[in-house]
Amino acid sequence: MTDGGIPSDMAVQTPKIAMNDVHKSFGPKHVLRGIDLTVDAGSSLVVIGGSGTGKSVLIKSILGIVHPDKGSIRVDGRETQGMSARDREDVMAGMGMLFQGGALFDSLPVWENVAFGLIQGKRMARRKAREIAVEKLALVGLGADVAALAPSELSGGMQKRVGLARAIATDPDILFFDEPTTGLDPIMADVINDLIRDQVQRLGATAITITHDMASARKIADHVAMIHQGRIIWTGAVERIDHSDNPYVDQFIHGRADGPIQMEIRRP
Ligand SMILES: Nc1ncnc2c1ncn2[C@@H]1O[C@H](COP(=O)(O)OP(=O)(O)OP(=O)(O)O)[C@@H](O)[C@H]1O
């Protein structure tokens with residue numbers, strides 16, 4: 001088998017996601033300042049970086065919730081910038097997202113929050129969608145008794161897990177997790193880490209996770225990318241983060257108050 005004359009085992013795989021020189025400003029605030037980032041299909045990337053550096057804006061740009069001012073974002077080789085609304089919907093149908101605050105609809109019971117994409121997006125019958133929602137809730141350690149409750153009746157950690165069950169409900173092939181373990185006890189955090197790894201390894205999904213939890217990052221990442229001042233300043237295999245030779249990465253992963261990042265904060 002050949003692909004343009006190249007034996008298939010030597011053909012270069014199209015990245016799942018490829019960002020090139022992506023910029024985004026909000027008013028005078030230039031948040032993304034030329035993001036270049038590639039994520040291979042079936043791999044798990046963790047994005048690290050200080051608060052307010054643009055991590056959420058980066059993943060919302062891939063999702064199409066935030067519209068970059070400039071640059072290219074390809075998903076499966078397809079340029080998403082300037083895409084029609086219908087094509088964009090197509091691309092988004094293959095993505096699942098756990099938002100930082102959970103972002104659950106309080107007017108809907110838990111199961112319907114989880115099943116939202118199945119009922120609205122995939123037009124699945126409510127009974128079948130509820131069954132799948134209960135299965136996904138079980139995967140994040142929540143029993144069927146939780147399904148009929150309102151999100152406001154749950155603890156913060158439980159809401160987080162419901163958000164996670166919703167993200168994986170449609171078995172998307174790209175998953176985004178914005179701080180999936182924040183607010184969870186260490187044991188539940190590890191259950192969630194395992195679940196993310198499982199989605200990538202068993203189901204072949206591609207995952208991008210934002211986390212400040214370095215134990216979680218070490219467990220779920222194949223690769224790590226560090227964002228600083230709106231640019232990716234380092235990427236590498238997770239095994240390399242302890243030997244990155246990058247003072248920003250070094251300071252961040254060890255949580256040191258002293259280092260180049262603090263020096264910039266001190267600057268007027
Ligand atoms: N819709 C918006 N309108 C105006 N400013 C925004 C908007 N979304 C994000 N920002 C700004 O962009 C910057 C980056 O925000 P972002 O949420 O991406 O940070 P982050 O790196 O995810 O931070 P954290 O780790 O604290 O969650 C912040 O200064 C934020 O105020």
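Me: Before anything else, where do the domain bounds come from here?
Reply: Domain bounds come from an automatic or database domain assignment. This is a predicted model, in which local features need pLDDT of at least 70 and side-chain atom pairs count only at pLDDT 80 or more, while totals for chains, interfaces and linings use all residues. Residues are numbered from 1 along each chain as its sequence is written.

Me: OK, so which domains is the chain divided into?
Reply: Domain 1 covers 13–94 + 173–268, and domain 2 covers 102–171. Taken over C-alpha atoms, the centres of domain 1 and domain 2 are separated by 25 Å.

Me: How many residues does each domain bring to the contact?
Reply: Domain 1 brings 12 residues and domain 2 brings 11 residues, where two residues are in contact if their C-beta atoms, placed from the backbone, lie within 7 Å.

Me: And which helix gives the most on the domain 1 side?
Reply: That is helix 6 (residues 186–201), with 5 residues; helices are DSSP runs of H or I with at least four residues, strands are runs of E with at least two, and both are numbered from the N terminus. The side of domain 1 that touches domain 2 has 9 nonpolar, 2 polar and 1 charged residues, counting Ala, Val, Leu, Ile, Met, Phe, Trp, Tyr, Cys and Pro as nonpolar, Asp, Glu, Lys and Arg as charged, and the others, Gly among them, as polar.

Me: Switching to the ligand, what surrounds it?
Reply: The ligand is surrounded by F26, K29, V31, G49, S51, G52, T53, G54, K55, S56 and V57, a residue being near a molecule if its C-beta atom, placed from the backbone, lies within 6 Å of it. The largest share of this shell, 3 residues, comes from helix 1, and the shell divides into 3 nonpolar, 6 polar and 2 charged residues.

Me: Which residues of helix 1 are buried?
Reply: In helix 1 (residues 55–63) they are K55, V57, L58, I59, S61 and I62, with buried meaning that 20 or more other C-beta atoms, placed from the backbone, lie within 10 Å of the residue's own. Just after helix 1, G64 takes a positive phi of about 90°.

Me: What about the sheet, what's the strand order?
Reply: An open sheet of 4 strands has the order 4-3-6-7 with antiparallel pairing, and two strands pair if DSSP finds at least two bridges between them. Strand 4 and strand 7 (78–79) each have a single partner strand, so one side of each is left without a neighbour in the sheet.

Me: How many bridges join strand 3 to strand 4?
Reply: Strand 3 (residues 17–26) is joined to strand 4 by 8 bridges, and the two run antiparallel.

Note on methods:
A residue is buried if 20 or more other C-beta atoms lie within 10 Å of its own, exposed if 12 or fewer, and partly exposed in between; C-beta atoms are placed from the backbone.
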